[in-house]
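Visitor: I should like to understand how the labels applied to charged side chains are justified. Please take me through the reasoning.

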Amino acid sequence: MNIDKKMLPMKLHYIAAFAGMGPLIPFLPVIARQKGMSDEAVGMIWTALPFLSLLAKTSAGAMADYLRAHRAIFLSAVVVMGGALTGIYWCPDVGKDSTADFAPEGLSVSNSSRVEGGLAEGGEKSLVGRYEFWLLSILLLLQFCGYMVVLDMEETVCFQMLGDKAHKYGLQRLWGTVSYGVTAVIGGALVDWYSQGYDQKDYLPVHVMVVVALVLDVVVVTRLKFTVPDKKISSTDVHAVFKQPSVLLILMTTVVLGTCGGMVSAFYLLLVEDTAALWSPSFAYLKLLQGLLLGVQCLASEVPCLFLAGKIIKKLGYAASFSLALLGFCLRLCLYSCVSNPWWFLPIELLHGVSFALALASVTCFANSVTPAGAEATMQAVFGSAFHCASGLGGLVGSWLFHVTNGWWRAFFAMGSAVGVYAVLFTIIHVVLTRVGCGKPAVQKEKGGDGSETPTGCCEC
């Protein structure tokens, strides 16, 4: 069967799944703030979520490989994520009186009852004593666990369906990015339109979009046709991979990249809100701007980068590709600190492709290239955990830098500078490992590699 025709259902999954993520997931930190959580509480929650979801993520990958139950776990994760996202809408505000009825976001507490996005008094200690705080936290945890498992399962299934055409991964994944960007822009505009006349933004339109998209995704996942390897996971083979110095270096770098992405995802939209408030207290296009920012990230930056990711990695090699992604984050984070007019965030987001998208493609394809037979979901879970779950470190580091530097602008500049330093150290260490003969990971022969750093069987679009 023609590979493009074979992969059509997978492309439809990416479109439906990311249509269920794009309109809402990027706005969750903003929603949490709107529901009465302080910026510090948001930072702590987004720090804890990846670590708490780590067990679910790695366990799901190991169970899928051992039980050969990839589809069942895939479907379960989609359902859990969708259910939790729906529950977040109806979760009562943390700042509301505990005797108040449940109310959807946007129709409840006025902005005047909050100071810097949190309760006016009592701080975090008063938050943890309210059941609304724990209910919202649990729902956020469930959606994050489902989201992380969905990412692992879709990458695993995608590579299984591609077989020896793993170099076409980017051409499948970009459809998710297109869907994510389009729905983010549409969702932002709908929220602004639907919320006219309210003191706060009401996210009902994007919640409806999420439910419709994820219901369609469940149908698509049930129709995916892929084969599961006969060989069961071997712990010996997995351990052998992580004994290689070059693999450990890449894994550590993956954590750094994930930390950068985590700081952006947790605090970037809060930075945009604060910048817009300083620029004009009556700024009327906030959600439209945030939607446009996500659209630029996805459509103008991430899609072209994913389309070219294979050629970039083949031309530069994995090490240089990781270095380029690090430098992309360095420049991007430092530029955030210079913005005073919120509309200037739009051109900066063109760096999203060379930072996040290139990092994602490099991590995913590197994991696939060193995966032992039978451990596909496990290896994607390990590297996926290092990348996505490291976003918790981003929340932790971001919160700490916020207090130390006394502002988001200085915090982003400090983080960007630190990433630039790490990029130099990574390059030096890689050169040293290469000279002592440890710079090239042993690529699994059955995966199509030839032992080189940039195997032709992976990431050549």
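Visitor: Why is Asp93 called buried?

Guide: In this predicted model, Asp93 has a relative accessibility of 2%. Buried means under 20%, so Asp93 meets the criterion.

Visitor: What makes the contact between the side chains of Lys35 and Asp93 a salt bridge?

Guide: The N to O distance is 3.6 Å. The cut-off is within 4 Å for a Lys or Arg nitrogen and an Asp or Glu carboxyl oxygen, so the pair qualifies. Lys35 lies in the loop between helix H3 and helix H4, and Asp93 in the loop between helix H5 and strand S1, so the salt bridge ties together parts that are 58 residues apart in sequence. Lys35 is buried, at a relative accessible area of 0%.

Visitor: Why is Lys201 called partly exposed, and what is the label for Asp192?

Guide: Lys201 has 22% relative accessibility. Partly exposed lies between the limits of 20% and 50%, so that label applies to Lys201. Asp192, at 12%, is buried. Their side chains form a salt bridge at 2.8 Å, N to O.

Visitor: How do you know that Arg332 and Glu349 form a salt bridge?

Guide: Their side chains meet at 3.0 Å, N to O, and the limit is 4 Å, so the pair satisfies the rule. Arg332 belongs to helix H13, whereas Glu349 sits in the loop between helix H14 and helix H15, 17 residues apart. Arg332 is buried at 1% relative accessibility, and Glu349 is buried at 0%.

Visitor: How many salt bridges does this rule give?

Guide: The count is nine.

How values were computed: Residues numbered from 1 in each chain as written. Predicted model: local features only at pLDDT ≥ 70, side-chain atom pairs only at ≥ 80, totals over all residues. Heavy atoms only, no water. Helix = DSSP H or I, 4+ residues; strand = E, 2+ residues; numbered from the N terminus. Buried < 20%, exposed > 50% of the residue type's maximum accessible area, 1.4 Å probe, protein only.
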